[in-house]
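Let's go through this one together, a feature at a time. Have the viewer open as we talk.

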Amino acid sequence: MARRYFRLLSAQLRIAGLASLQYRADFYADGAMSIFWLAVNVAPLLVVYQRRPTLAHWTLPEALLVIGWFTLLKGVLDGAVNPCLTAIVEHIRKGTLDFVLLKPADAQFLVSTAKILPWRGVDVLGGGLVLVFALTRLHRLPTPLQIGASLLLFAAAVGLLYSLWILAISVAFWVVKLDNLAFLFSSIFDAARWPIGVFRGLWRFLFTFVVPLAILTTYPAMALLGTLTFRTGAWALAGAAFFALLARWVWTIALLHYTSASS
Amino acid sequence: MATAPAEIPSRTALGRAVRALPTLLRVGVAEAVAYRAEFVIWLLTTTMPLVMLALWSEVAREGGPIGGYTGKDFTAYFLAAFIVRQLTGVWVAWDMNREIREGLISMRLLRPVHPLAAYGAENLAVLPMRLLLSLPIALVALALTGGAAVTRDPLLLLAFAVAVAGAWLLGFAIMSAIGALAFFIESTLAVADVWFGLFFILSGYFVPIELFPAAVRNVAVLLPFRAMLGLPVELLIGRLGHGAALHGLLIEWAWVAAAWAIAVAVFQAGARRYSAYGA
């Protein structure tokens with residue numbers, strides 16, 4: 001079973017790779033865009049730190065760590081998550097999800113891996129460079145344990161984002177026209193570029209428990225800084241697992257509400 | 001035609017557009033009501049100013065006012081920014097891009113109303129619903145800040161109204177020009193992306209323009225981005241004197257004229273070389 005899905009995944013990846021080799025110019029376009037957006041993302045941060053040495057106890061290099069994880073995550077989101085899930089909404093609207101459901105494999109797996117854009121990986125590279133730059137500015141070499149913890153939390157962040165996306169997509173089975181869902185997602189996600197400590201009261205609550213942005217970028221950065229407690233990390237992983245299960249459950253219910261093209 | 005028409009039709013394109021406007025607006029309102037879920041999502045995507053509000057208020061709370069902005073000023077600024085965005089947001093670039101690629105724009109080209117006028121009416125028609133949702137927020141905000149943050153100067157209020165109208169016209173013209181690029185190139189939405197990146201930084205969407213270093217600020221004031229958001233916001237919360245207000249409005253309307261000239265030129269040139277199936 002697992003081997004079959006692994007083979008399916010590698011087939012999908014191979015197709016995505018071949019398709020992207022056809023559009024090699026996209027590499028440069030995406031690369032240029034990636035640098036441009038990195039500048040856009042860093043600009044407000046520079047304005048703040050031009051006038052203040054710290055923001056909610058975060059110094060500039062520390063806040064850059066959060067930006068680094070943010071850029072990495074954005075690369076994964078734009079390259080592997082957004083395109084697939086936008087395609088599902090289109091499938092639901094046009095009724096072509098029939099073709100996916102008829103195939104002898106899990107529908108969620110098929111739609112989630114159908115449209116991967118490898119060139120967006122440039123963002124991953126850029127995010128990694130920002131992380132290295134911030135760490136050199138901090139004169140800090142994280143221990144292997146800290147690096148492992150931050151990578152684990154990053155994996156949890158990717159899973160969490162994906163689960164949130166699936167939850168949002170499931171709504172499309174009921175309301176059908178959801179063209180701008182991707183915009184909603186990226187605009188909420190935009191707030192994750194700031195360390196969570198910046199937000200207070202209602203926003204802190206919203207961004208920790210409802211849309212757990214804190215887990216996405218602040219916790220991996222804290223893990224690299226060695227300021228994340230084991231308990232908080234464990235809770236973050238548990239939260240990610242909870243969202244994954246919830247997403248799977250809602251997806252199966254939503255599928256039952258699918259009224260294909262003809263019915 | 002055998003029978004004379006009940007009313008004499010206007011001969012000019014502009015007259016036709018004006019006559020069709022009430023109907024186009026009615027259709028637009030009906031569409032906005034029909035796709036409520038999409039509308040609510042759109043509303044949620046525009047809450048970024050509220051996030052920035054939380055952020056900057058915290059910055060001001062931690063270490064005192066920045067560049068003359070206290071916590072209360074930031075609250076007023078970003079609430080005003082939220083409302084101006086509600087009033088001036090357009091999405092014509094996406095519609096136009098899709099309709100040109102899929103050949104749907106043929107339908108619009110056949111109608112006796114200029115497509116730009118029809119798109120304009122569609123984008124205007126959502127304003128009542130947006131007002132309905134954002135006015136309560138404005139009132140609550142007014143109560144929270146004690147009303148002191150909004151200017152009482154009737155001239156500045158008038159300038160605010162003129163600036164919002166200009167911001168809408170400017171945004172619409174630029175988005176139309178970007179949308180009409182789809183007649184020539186494929187990746188118009190990438191162009192829109194770059195535009196929005198610049199807009200986010202230079203319009204005062206993330207940071208009030210006043211907080212930029214002087215060199216950046218002096219350039220930003222001359223660019224169209226600030227006219228689309230920062231200018232009306234600063235007018236409403238009374239941060240500009242009469243001279244600066246007039247200066248800002250002149251720059252804004254100069255950009256409006258230029259942007260419309262470009263938009264119409266790009267659209268006409270594009271429509272001429274357009275050849276969808278059957279067109």
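Q: Which elements of chain A have the lowest and the highest mean pLDDT?
A: pLDDT is the predictor's confidence in each residue, from 0 to 100. Among the elements of chain A, helix H8 (residues 181-189) has the lowest mean, 73, and helix H11 (residues 230-256) the highest, 88. Helices are DSSP runs of H or I with at least four residues, numbered from the N terminus. Chain A as a whole averages 82, and 95% of its residues score at least 70. This is a predicted model, where local features need pLDDT of at least 70, side-chain atom pairs count only at pLDDT 80 or more, and totals for chains, interfaces and linings use all residues. Residues are numbered from 1 along each chain as its sequence is written, while chains are lettered from A and ligands numbered from 1 in the order in which they are written.

Q: What span should helix H6 (residues 121-138) of chain A have?
A: The expected span is 1.5 Å times one less than the number of residues. H6(A) has 18 residues, so 26 Å is expected, and its end C-alpha atoms agree, being 26 Å apart. Just after H6(A) comes His139(A), with a positive phi of about 50°.

Q: Which residues of H6(A) are buried?
A: Buried means that 20 or more other C-beta atoms, placed from the backbone, lie within 10 Å of a residue's own. In H6(A) these are Gly121(A), Val122(A), Asp123(A), Gly126(A), Gly127(A), Val130(A), Leu131(A) and Ala134(A). Their cover includes H2 and helix H3 (60-94) of chain A.

How values were computed: Helices (H or I, at least four residues) and strands (E, at least two) are DSSP runs, numbered from the N terminus. A residue is buried if 20 or more other C-beta atoms lie within 10 Å of its own, exposed if 12 or fewer, and partly exposed in between; C-beta atoms are placed from the backbone. Two residues are in contact if their C-beta atoms, placed from the backbone, lie within 7 Å.
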